[in-house]
Protein chains: 2
Amino acid sequence: MPERRSSDDLKEVIRDFRRDQVIDVARRLFGERGTTDVPMDEIAAAAGVARSTVYVYFANREELLRACLKGMHTHLIDAVAEAWEADAGPTQRLARIIEEMLARVDENPAFFRLALVTQGAPSSGAAAVGAELALISLDIARLLRTVVDDGMNSGQFRMIEPDLAVTLIGQQIYGAIAVRAAEPIPGPRAEAAAAAVEFILHGLAA
Amino acid sequence: MPERRSSDDLKEVIRDFRRDQVIDVARRLFGERGTTDVPMDEIAAAAGVARSTVYVYFANREELLRACLKGMHTHLIDAVAEAWEADAGPTQRLARIIEEMLARVDENPAFFRLALVTQGAPSSGAAAVGAELALISLDIARLLRTVVDDGMNSGQFRMIEPDLAVTLIGQQIYGAIAVRAAEPIPGPRAEAAAAAVEFILHGLAA
DNA sequence: CTATTGATCGGACAGAGTGTCCGATCATCT
DNA sequence: AGATGATCGGACACTCTGTCCGATCAATAG
(Lines give C-alpha, C1' and ligand atoms only; values in the text may rest on other atoms or scores of the structure.)
Protein backbone atom coordinates (compact mmCIF):
# COMPACT_ATOMS: atom_id res chain seq x y z
CA MET A 1 0.00 0.00 0.00
CA PRO A 2 2.62 2.56 0.95
CA GLU A 3 4.61 1.56 -2.13
CA ARG A 4 1.67 2.05 -4.37
CA ARG A 5 0.96 5.41 -2.87
CA SER A 6 4.51 6.74 -3.12
CA SER A 7 4.76 5.33 -6.61
CA ASP A 8 1.73 7.29 -7.70
CA ASP A 9 3.08 10.37 -6.01
CA LEU A 10 6.34 9.97 -7.87
CA LYS A 11 4.52 9.79 -11.16
CA GLU A 12 2.71 12.92 -10.18
CA VAL A 13 5.96 14.69 -9.40
CA ILE A 14 7.52 13.57 -12.65
CA ARG A 15 4.46 14.67 -14.52
CA ASP A 16 4.51 18.12 -12.93
CA PHE A 17 8.21 18.39 -13.57
CA ARG A 18 7.78 17.63 -17.24
CA ARG A 19 4.89 20.02 -17.44
CA ASP A 20 6.86 22.83 -15.88
CA GLN A 21 9.71 22.04 -18.21
CA VAL A 22 7.48 22.68 -21.20
CA ILE A 23 5.97 25.77 -19.60
CA ASP A 24 9.36 27.29 -18.92
CA VAL A 25 10.49 26.79 -22.47
CA ALA A 26 7.21 28.08 -23.84
CA ARG A 27 7.33 31.15 -21.64
CA ARG A 28 10.79 31.97 -22.92
CA LEU A 29 9.94 31.42 -26.57
CA PHE A 30 6.61 33.23 -26.31
CA GLY A 31 8.42 36.10 -24.67
CA GLU A 32 11.04 36.23 -27.40
CA ARG A 33 8.91 35.90 -30.46
CA GLY A 34 5.28 36.26 -29.48
CA THR A 35 2.51 33.75 -28.93
CA THR A 36 1.55 33.37 -32.54
CA ASP A 37 4.98 33.01 -34.06
CA VAL A 38 6.24 29.98 -32.24
CA PRO A 39 5.03 26.68 -33.68
CA MET A 40 4.25 23.89 -31.27
CA ASP A 41 6.93 21.87 -33.03
CA GLU A 42 9.56 24.27 -31.84
CA ILE A 43 8.35 24.40 -28.26
CA ALA A 44 8.33 20.63 -28.12
CA ALA A 45 11.78 20.39 -29.66
CA ALA A 46 13.20 23.02 -27.31
CA ALA A 47 11.70 21.19 -24.35
CA GLY A 48 13.10 17.93 -25.62
CA VAL A 49 9.80 16.11 -26.07
CA ALA A 50 7.72 15.02 -29.00
CA ARG A 51 5.05 17.34 -30.28
CA SER A 52 2.38 14.77 -29.59
CA THR A 53 3.56 14.62 -26.00
CA VAL A 54 2.97 18.31 -25.53
CA TYR A 55 -0.62 17.67 -26.50
CA VAL A 56 -0.82 15.11 -23.74
CA TYR A 57 -0.09 17.80 -21.19
CA PHE A 58 -1.95 20.68 -22.79
CA ALA A 59 -5.12 20.39 -24.81
CA ASN A 60 -4.00 23.11 -27.19
CA ARG A 61 -1.88 26.16 -27.66
CA GLU A 62 -4.21 28.33 -25.61
CA GLU A 63 -4.05 26.10 -22.58
CA LEU A 64 -0.28 26.18 -22.72
CA LEU A 65 -0.31 29.96 -22.84
CA ARG A 66 -2.72 30.08 -19.94
CA ALA A 67 -0.42 27.82 -17.94
CA CYS A 68 2.46 30.20 -18.65
CA LEU A 69 0.48 33.12 -17.27
CA LYS A 70 -0.76 31.13 -14.30
CA GLY A 71 2.76 30.50 -13.12
CA MET A 72 3.60 34.15 -13.38
CA HIS A 73 0.45 35.02 -11.48
CA THR A 74 1.23 32.91 -8.45
CA HIS A 75 4.81 34.07 -8.48
CA LEU A 76 3.77 37.70 -8.53
CA ILE A 77 1.13 37.37 -5.85
CA ASP A 78 3.47 35.45 -3.59
CA ALA A 79 6.17 38.08 -3.91
CA VAL A 80 3.81 40.94 -3.20
CA ALA A 81 2.10 39.14 -0.33
CA GLU A 82 5.43 38.35 1.28
CA ALA A 83 6.55 41.96 1.15
CA TRP A 84 3.14 42.97 2.39
CA GLU A 85 3.69 41.66 5.89
CA ALA A 86 6.98 43.48 6.32
CA ASP A 87 5.77 47.03 5.88
CA ALA A 88 3.15 48.86 7.83
CA GLY A 89 2.19 52.34 6.64
CA PRO A 90 0.10 52.76 3.50
CA THR A 91 2.83 54.72 1.77
CA GLN A 92 5.45 52.07 2.44
CA ARG A 93 3.08 49.35 1.32
CA LEU A 94 2.26 51.19 -1.87
CA ALA A 95 5.95 51.61 -2.57
CA ARG A 96 6.49 47.95 -1.92
CA ILE A 97 3.74 46.81 -4.24
CA ILE A 98 5.11 48.93 -7.05
CA GLU A 99 8.67 47.84 -6.49
CA GLU A 100 7.72 44.18 -6.40
CA MET A 101 5.75 44.45 -9.58
CA LEU A 102 8.58 46.20 -11.36
CA ALA A 103 10.90 43.51 -10.08
CA ARG A 104 8.67 40.94 -11.73
CA VAL A 105 8.90 42.88 -14.95
CA ASP A 106 12.68 42.91 -14.75
CA GLU A 107 12.73 39.18 -14.18
CA ASN A 108 11.28 38.45 -17.58
CA PRO A 109 10.49 41.64 -19.47
CA ALA A 110 9.76 39.86 -22.72
CA PHE A 111 7.11 37.67 -21.23
CA PHE A 112 5.68 40.42 -19.09
CA ARG A 113 5.34 42.54 -22.18
CA LEU A 114 3.54 39.64 -23.70
CA ALA A 115 1.23 39.36 -20.73
CA LEU A 116 0.26 43.02 -20.98
CA VAL A 117 -0.25 42.51 -24.65
CA THR A 118 -2.54 39.60 -24.11
CA GLN A 119 -4.51 41.71 -21.66
CA GLY A 120 -7.98 42.38 -22.99
CA ALA A 121 -6.95 41.18 -26.40
CA PRO A 122 -9.94 39.99 -28.36
CA SER A 123 -8.12 37.06 -29.88
CA SER A 124 -8.92 33.40 -29.76
CA GLY A 125 -6.80 32.51 -26.82
CA ALA A 126 -7.45 35.71 -25.01
CA ALA A 127 -10.94 35.03 -23.78
CA ALA A 128 -9.67 32.45 -21.34
CA VAL A 129 -6.27 34.02 -20.93
CA GLY A 130 -7.93 37.31 -20.10
CA ALA A 131 -9.67 35.61 -17.22
CA GLU A 132 -6.30 34.62 -15.82
CA LEU A 133 -5.05 38.17 -16.01
CA ALA A 134 -8.25 39.54 -14.58
CA LEU A 135 -7.50 37.51 -11.47
CA ILE A 136 -4.15 39.25 -11.11
CA SER A 137 -5.79 42.64 -11.48
CA LEU A 138 -8.34 41.71 -8.86
CA ASP A 139 -5.69 40.64 -6.39
CA ILE A 140 -3.73 43.82 -6.87
CA ALA A 141 -6.84 45.96 -6.70
CA ARG A 142 -7.72 44.37 -3.38
CA LEU A 143 -4.33 45.28 -1.98
CA LEU A 144 -4.57 48.80 -3.33
CA ARG A 145 -7.97 49.18 -1.76
CA THR A 146 -6.50 48.35 1.62
CA VAL A 147 -3.74 50.88 1.08
CA VAL A 148 -6.23 53.56 0.10
CA ASP A 149 -8.50 52.88 3.06
CA ASP A 150 -5.58 52.94 5.48
CA GLY A 151 -4.24 56.09 3.92
CA MET A 152 -7.51 57.91 4.27
CA ASN A 153 -8.25 56.67 7.75
CA SER A 154 -4.88 57.79 8.98
CA GLY A 155 -5.30 61.15 7.29
CA GLN A 156 -2.28 60.68 5.05
CA PHE A 157 -4.35 60.61 1.88
CA ARG A 158 -6.95 63.16 1.02
CA MET A 159 -10.55 62.01 0.97
CA ILE A 160 -11.80 60.98 -2.42
CA GLU A 161 -13.94 58.17 -3.70
CA PRO A 162 -11.85 55.09 -2.76
CA ASP A 163 -12.73 53.20 -5.94
CA LEU A 164 -11.59 56.12 -8.00
CA ALA A 165 -8.36 56.31 -6.04
CA VAL A 166 -7.72 52.63 -6.67
CA THR A 167 -8.39 53.09 -10.37
CA LEU A 168 -6.02 56.03 -10.61
CA ILE A 169 -3.23 54.24 -8.78
CA GLY A 170 -3.88 51.16 -10.84
CA GLN A 171 -3.65 53.14 -14.04
CA GLN A 172 -0.34 54.58 -12.96
CA ILE A 173 1.05 51.17 -12.11
CA TYR A 174 -0.24 49.69 -15.33
CA GLY A 175 1.43 52.41 -17.32
CA ALA A 176 4.65 52.11 -15.34
CA ILE A 177 4.79 48.39 -15.98
CA ALA A 178 4.06 48.80 -19.67
CA VAL A 179 6.72 51.46 -20.06
CA ARG A 180 9.32 49.49 -18.14
CA ALA A 181 8.58 46.30 -20.04
CA ALA A 182 9.08 48.18 -23.28
CA GLU A 183 12.38 49.75 -22.29
CA PRO A 184 15.44 48.09 -23.82
CA ILE A 185 17.59 48.79 -20.78
CA PRO A 186 15.43 49.91 -17.85
CA GLY A 187 16.96 52.33 -15.37
CA PRO A 188 17.42 51.57 -11.67
CA ARG A 189 14.26 49.95 -10.39
CA ALA A 190 14.22 51.62 -6.98
CA GLU A 191 14.30 55.06 -8.56
CA ALA A 192 11.53 54.24 -10.98
CA ALA A 193 9.38 52.94 -8.14
CA ALA A 194 10.18 55.93 -5.91
CA ALA A 195 9.33 58.38 -8.70
CA ALA A 196 6.00 56.67 -9.25
CA VAL A 197 5.13 56.75 -5.55
CA GLU A 198 6.14 60.38 -5.22
CA PHE A 199 4.01 61.20 -8.24
CA ILE A 200 1.04 59.26 -6.98
CA LEU A 201 1.21 61.10 -3.67
CA HIS A 202 1.92 64.65 -4.73
CA GLY A 203 1.36 65.02 -8.44
CA LEU A 204 3.02 67.72 -10.46
CA ALA A 205 1.44 70.92 -9.22
CA ALA A 206 3.66 73.42 -7.44
CA MET B 1 -3.11 65.83 -72.00
CA PRO B 2 -5.34 67.36 -69.31
CA GLU B 3 -7.76 64.50 -69.85
CA ARG B 4 -5.08 61.98 -69.34
CA ARG B 5 -3.99 63.72 -66.17
CA SER B 6 -7.43 63.97 -64.61
CA SER B 7 -8.10 60.43 -65.68
CA ASP B 8 -5.06 59.25 -63.79
CA ASP B 9 -6.09 61.29 -60.81
CA LEU B 10 -9.50 59.72 -60.88
CA LYS B 11 -7.96 56.27 -60.88
CA GLU B 12 -5.92 57.35 -57.92
CA VAL B 13 -9.00 58.51 -56.08
CA ILE B 14 -10.85 55.31 -56.85
CA ARG B 15 -7.88 53.31 -55.74
CA ASP B 16 -7.66 55.18 -52.44
CA PHE B 17 -11.37 54.82 -51.95
CA ARG B 18 -11.22 51.07 -52.44
CA ARG B 19 -8.24 50.87 -50.16
CA ASP B 20 -9.98 52.79 -47.41
CA GLN B 21 -13.02 50.60 -47.88
CA VAL B 22 -10.97 47.52 -47.09
CA ILE B 23 -9.19 49.26 -44.22
CA ASP B 24 -12.47 50.28 -42.61
CA VAL B 25 -13.84 46.79 -42.78
CA ALA B 26 -10.61 45.30 -41.52
CA ARG B 27 -10.43 47.73 -38.62
CA ARG B 28 -13.92 46.76 -37.56
CA LEU B 29 -13.33 43.04 -37.85
CA PHE B 30 -9.91 43.20 -36.21
CA GLY B 31 -11.46 45.18 -33.39
CA GLU B 32 -14.24 42.67 -32.95
CA ARG B 33 -12.33 39.45 -33.12
CA GLY B 34 -8.63 40.20 -33.03
CA THR B 35 -5.97 40.36 -35.68
CA THR B 36 -5.28 36.67 -35.80
CA ASP B 37 -8.80 35.35 -35.88
CA VAL B 38 -10.11 37.04 -38.99
CA PRO B 39 -9.16 35.25 -42.22
CA MET B 40 -8.34 37.40 -45.20
CA ASP B 41 -11.23 35.66 -46.98
CA GLU B 42 -13.65 37.21 -44.58
CA ILE B 43 -12.20 40.70 -44.79
CA ALA B 44 -12.35 40.54 -48.55
CA ALA B 45 -15.90 39.24 -48.52
CA ALA B 46 -17.05 41.89 -46.04
CA ALA B 47 -15.43 44.58 -48.15
CA GLY B 48 -17.08 43.16 -51.23
CA VAL B 49 -13.91 42.34 -53.15
CA ALA B 50 -12.08 39.19 -54.09
CA ARG B 51 -9.39 37.90 -51.79
CA SER B 52 -6.81 38.22 -54.51
CA THR B 53 -7.75 41.87 -54.92
CA VAL B 54 -6.96 42.58 -51.30
CA TYR B 55 -3.48 41.31 -52.00
CA VAL B 56 -3.23 43.84 -54.80
CA TYR B 57 -3.67 46.63 -52.28
CA PHE B 58 -1.77 45.12 -49.37
CA ALA B 59 1.25 42.88 -49.62
CA ASN B 60 0.09 40.81 -46.68
CA ARG B 61 -1.89 40.73 -43.49
CA GLU B 62 0.67 42.78 -41.62
CA GLU B 63 0.60 45.62 -44.08
CA LEU B 64 -3.16 45.75 -43.82
CA LEU B 65 -2.96 45.92 -40.05
CA ARG B 66 -0.37 48.65 -40.28
CA ALA B 67 -2.64 50.61 -42.59
CA CYS B 68 -5.43 50.30 -40.04
CA LEU B 69 -3.23 51.77 -37.33
CA LYS B 70 -1.93 54.47 -39.61
CA GLY B 71 -5.41 55.82 -40.18
CA MET B 72 -6.08 55.90 -36.48
CA HIS B 73 -2.79 57.68 -35.91
CA THR B 74 -3.51 60.58 -38.25
CA HIS B 75 -7.03 60.82 -36.90
CA LEU B 76 -5.80 61.02 -33.33
CA ILE B 77 -3.03 63.51 -34.01
CA ASP B 78 -5.37 65.73 -36.00
CA ALA B 79 -7.93 65.77 -33.23
CA VAL B 80 -5.39 66.60 -30.56
CA ALA B 81 -3.64 69.21 -32.69
CA GLU B 82 -6.92 70.93 -33.44
CA ALA B 83 -7.84 71.16 -29.79
CA TRP B 84 -4.31 72.28 -29.06
CA GLU B 85 -4.76 75.70 -30.62
CA ALA B 86 -7.91 76.46 -28.70
CA ASP B 87 -6.55 76.24 -25.17
CA ALA B 88 -3.73 78.17 -23.67
CA GLY B 89 -2.61 77.23 -20.16
CA PRO B 90 -0.67 74.02 -19.57
CA THR B 91 -3.37 72.62 -17.33
CA GLN B 92 -6.08 73.22 -19.89
CA ARG B 93 -3.95 71.73 -22.61
CA LEU B 94 -3.19 68.67 -20.55
CA ALA B 95 -6.88 68.22 -19.89
CA ARG B 96 -7.60 68.60 -23.56
CA ILE B 97 -5.04 66.04 -24.63
CA ILE B 98 -6.43 63.49 -22.23
CA GLU B 99 -10.01 64.16 -23.16
CA GLU B 100 -9.28 63.91 -26.87
CA MET B 101 -7.46 60.66 -26.43
CA LEU B 102 -10.26 59.19 -24.39
CA ALA B 103 -12.68 60.38 -27.05
CA ARG B 104 -10.67 58.41 -29.60
CA VAL B 105 -10.97 55.37 -27.39
CA ASP B 106 -14.73 55.79 -27.17
CA GLU B 107 -14.97 56.06 -30.93
CA ASN B 108 -13.75 52.55 -31.46
CA PRO B 109 -12.88 50.87 -28.19
CA ALA B 110 -12.45 47.47 -29.74
CA PHE B 111 -9.84 48.62 -32.18
CA PHE B 112 -8.13 50.85 -29.66
CA ARG B 113 -7.86 47.92 -27.32
CA LEU B 114 -6.31 46.08 -30.19
CA ALA B 115 -3.85 48.86 -30.80
CA LEU B 116 -2.72 48.81 -27.18
CA VAL B 117 -2.45 45.10 -27.43
CA THR B 118 -0.28 45.30 -30.48
CA GLN B 119 1.90 47.81 -28.66
CA GLY B 120 5.31 46.35 -28.07
CA ALA B 121 4.01 42.94 -28.91
CA PRO B 122 6.78 40.71 -30.15
CA SER B 123 4.59 39.07 -32.75
CA SER B 124 5.06 38.81 -36.47
CA GLY B 125 3.20 41.88 -37.46
CA ALA B 126 4.23 43.84 -34.46
CA ALA B 127 7.77 44.74 -35.39
CA ALA B 128 6.57 47.04 -38.12
CA VAL B 129 3.28 47.81 -36.42
CA GLY B 130 5.17 48.78 -33.30
CA ALA B 131 7.00 51.39 -35.30
CA GLU B 132 3.68 52.90 -36.28
CA LEU B 133 2.61 53.12 -32.66
CA ALA B 134 5.96 54.45 -31.57
CA LEU B 135 5.28 57.41 -33.82
CA ILE B 136 2.05 58.13 -31.98
CA SER B 137 3.83 57.95 -28.64
CA LEU B 138 6.48 60.32 -29.92
CA ASP B 139 3.91 62.84 -31.08
CA ILE B 140 2.10 62.76 -27.78
CA ALA B 141 5.33 62.91 -25.81
CA ARG B 142 6.29 66.03 -27.74
CA LEU B 143 3.03 67.69 -26.77
CA LEU B 144 3.39 66.64 -23.16
CA ARG B 145 6.90 68.04 -23.12
CA THR B 146 5.55 71.42 -24.15
CA VAL B 147 2.93 71.24 -21.44
CA VAL B 148 5.50 70.36 -18.82
CA ASP B 149 7.88 73.12 -19.87
CA ASP B 150 5.10 75.69 -19.87
CA GLY B 151 3.87 74.49 -16.52
CA MET B 152 7.26 74.80 -14.91
CA ASN B 153 8.09 78.11 -16.51
CA SER B 154 4.85 79.61 -15.32
CA GLY B 155 5.39 78.22 -11.84
CA GLN B 156 2.23 76.11 -11.95
CA PHE B 157 4.15 72.83 -11.85
CA ARG B 158 6.84 72.03 -9.37
CA MET B 159 10.34 71.67 -10.71
CA ILE B 160 11.35 68.14 -11.51
CA GLU B 161 13.27 66.52 -14.32
CA PRO B 162 11.06 67.29 -17.35
CA ASP B 163 11.67 63.94 -19.01
CA LEU B 164 10.60 62.19 -15.86
CA ALA B 165 7.49 64.34 -15.66
CA VAL B 166 6.59 63.46 -19.24
CA THR B 167 7.10 59.78 -18.51
CA LEU B 168 4.91 59.89 -15.42
CA ILE B 169 2.10 61.73 -17.18
CA GLY B 170 2.43 59.37 -20.12
CA GLN B 171 2.13 56.40 -17.82
CA GLN B 172 -1.08 57.74 -16.35
CA ILE B 173 -2.54 58.43 -19.77
CA TYR B 174 -1.50 55.01 -21.04
CA GLY B 175 -3.14 53.34 -18.08
CA ALA B 176 -6.25 55.48 -18.39
CA ILE B 177 -6.62 54.54 -22.03
CA ALA B 178 -6.07 50.87 -21.35
CA VAL B 179 -8.59 50.85 -18.54
CA ARG B 180 -11.18 52.74 -20.53
CA ALA B 181 -10.72 50.56 -23.59
CA ALA B 182 -11.27 47.51 -21.42
CA GLU B 183 -14.45 48.79 -19.76
CA PRO B 184 -17.66 47.29 -21.14
CA ILE B 185 -19.60 50.50 -20.57
CA PRO B 186 -17.23 53.37 -19.82
CA GLY B 187 -18.49 56.13 -17.52
CA PRO B 188 -18.78 59.78 -18.54
CA ARG B 189 -15.67 60.75 -20.43
CA ALA B 190 -15.36 64.27 -19.05
CA GLU B 191 -15.31 62.96 -15.51
CA ALA B 192 -12.70 60.35 -16.27
CA ALA B 193 -10.50 62.95 -17.91
CA ALA B 194 -10.99 65.44 -15.09
CA ALA B 195 -10.13 62.82 -12.48
CA ALA B 196 -6.92 61.96 -14.31
CA VAL B 197 -5.90 65.60 -14.59
CA GLU B 198 -6.68 66.26 -10.95
CA PHE B 199 -4.64 63.22 -10.01
CA ILE B 200 -1.72 64.19 -12.20
CA LEU B 201 -1.66 67.65 -10.63
CA HIS B 202 -2.22 66.91 -6.98
CA GLY B 203 -1.80 63.24 -6.33
CA LEU B 204 -3.47 61.51 -3.43
CA ALA B 205 -1.68 62.88 -0.40
CA ALA B 206 -3.63 65.00 2.03
C1' DC C 1 13.02 -13.53 -15.37
C1' DT C 2 9.00 -12.43 -17.86
C1' DA C 3 4.60 -10.11 -18.65
C1' DT C 4 2.13 -5.95 -18.14
C1' DT C 5 1.49 -1.30 -17.87
C1' DG C 6 2.00 3.44 -18.94
C1' DA C 7 4.48 7.11 -20.89
C1' DT C 8 6.65 8.63 -24.89
C1' DC C 9 7.81 8.74 -29.63
C1' DG C 10 7.39 9.55 -34.49
C1' DG C 11 4.91 9.95 -38.21
C1' DA C 12 0.53 10.16 -40.93
C1' DC C 13 -3.61 12.62 -41.40
C1' DA C 14 -7.39 16.10 -42.38
C1' DG C 15 -8.52 20.78 -41.99
C1' DA C 16 -7.68 25.68 -42.22
C1' DG C 17 -5.26 29.76 -43.58
C1' DT C 18 -1.62 32.24 -46.24
C1' DG C 19 0.43 34.24 -50.16
C1' DT C 20 1.17 33.49 -55.28
C1' DC C 21 -0.21 33.06 -59.78
C1' DC C 22 -2.84 33.16 -63.96
C1' DG C 23 -6.55 32.92 -67.29
C1' DA C 24 -11.26 34.83 -67.76
C1' DT C 25 -14.22 38.70 -67.39
C1' DC C 26 -15.81 43.33 -67.22
C1' DA C 27 -15.82 48.45 -67.59
C1' DT C 28 -13.70 52.25 -69.39
C1' DC C 29 -11.31 55.15 -72.54
C1' DT C 30 -9.58 55.73 -77.29
C1' DA D 1 -14.98 48.07 -82.15
C1' DG D 2 -10.62 47.49 -79.90
C1' DA D 3 -7.12 48.23 -76.40
C1' DT D 4 -6.25 48.72 -71.53
C1' DG D 5 -6.34 47.91 -66.85
C1' DA D 6 -8.75 46.47 -62.74
C1' DT D 7 -11.06 42.70 -60.80
C1' DC D 8 -12.49 38.08 -60.28
C1' DG D 9 -12.31 33.30 -59.04
C1' DG D 10 -10.07 29.46 -58.47
C1' DA D 11 -5.88 26.44 -58.31
C1' DC D 12 -1.53 25.99 -56.16
C1' DA D 13 2.21 25.03 -52.66
C1' DC D 14 3.21 25.86 -48.16
C1' DT D 15 2.76 26.00 -43.04
C1' DC D 16 0.62 25.10 -38.76
C1' DT D 17 -2.83 22.85 -35.96
C1' DG D 18 -4.91 19.15 -33.48
C1' DT D 19 -5.92 14.08 -33.76
C1' DC D 20 -4.75 9.49 -33.97
C1' DC D 21 -2.33 5.20 -33.69
C1' DG D 22 1.19 1.69 -33.85
C1' DA D 23 6.01 1.10 -32.20
C1' DT D 24 9.22 1.56 -28.49
C1' DC D 25 11.06 1.77 -24.01
C1' DA D 26 11.34 1.69 -18.80
C1' DA D 27 9.56 0.49 -14.57
C1' DT D 28 6.91 -2.45 -12.05
C1' DA D 29 4.22 -6.61 -10.72
C1' DG D 30 3.97 -11.50 -10.51
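This passage describes two helices of chain A and the protein surfaces near DNA strands C and D in a predicted model. Local features require pLDDT of at least 70 and side-chain atom pairs count only at pLDDT 80 or more, whereas totals for chains, interfaces and linings use all residues. Residues are numbered from 1 along each chain as its sequence is written, chains are lettered from A and ligands numbered from 1 in the order in which they are written, and side-chain values use heavy atoms, with hydrogens and water left out.

Helices were assigned as DSSP runs (H or I, at least four residues), numbered from the N terminus. Helix H4 of chain A, residues 61-86, comprises 26 residues and reaches 39 Å from its first C-alpha to its last, close to the 38 Å expected, the expected span being 1.5 Å times one less than the number of residues. Its buried residues (under 20% relative accessible area, 1.4 Å probe, protein chains only) include Leu65(A), Leu69(A), Met72(A), Leu76(A) and Trp84(A). Helix H5 of chain A, residues 90-107, has 18 residues and reaches 26 Å, close to the expected 26 Å; among its buried residues are Arg93(A), Ile97(A), Glu100(A) and Arg104(A).

Around DNA strand D there are 18 residues, of which the closest are Arg51(A), Tyr55(A), Arg61(A), Ala50(B) and Thr53(B); a residue is near a strand if one of its heavy atoms lies within 4 Å of it. Of the strand D atoms within 4 Å of the protein, 56% belong to sugar or phosphate and the rest to bases. Polar contacts, defined as pairs of N or O atoms within 3.5 Å, include one of 2.7 Å between a phosphate oxygen of strand D and the side chain of Arg61(A), and one of 2.8 Å that involves a backbone N or O atom of Ala50(B). A polar side-chain atom of Arg18(B) lies 3.3 Å from a phosphate oxygen of the strand. Helix H3(B) gives the most to this surface, with 4 residues.

DNA strand C is likewise surrounded by 18 residues, the closest being Ala50(A), Thr53(A), Arg51(B), Tyr55(B) and Arg61(B), and sugar and phosphate account for 57% of its atoms that come within 4 Å of the protein. Phosphate oxygens of strand C lie 2.8 Å from a polar backbone atom of Ala50(A), 2.6 Å from a side-chain N or O atom of Thr53(A) and 2.7 Å from a polar side-chain atom of Arg61(B). The largest share of the surface near strand C, 4 residues, comes from H3(A).

Notes. Helices (H or I, at least four residues) and strands (E, at least two) are DSSP runs, numbered from the N terminus. Buried means under 20% relative accessible area, exposed over 50%, partly exposed in between (1.4 Å probe, protein chains only). A polar contact is a pair of N or O atoms within 3.5 Å; within protein, one must be able to donate a hydrogen and the other to accept it, and residues adjacent in sequence count only if both atoms are side-chain atoms.
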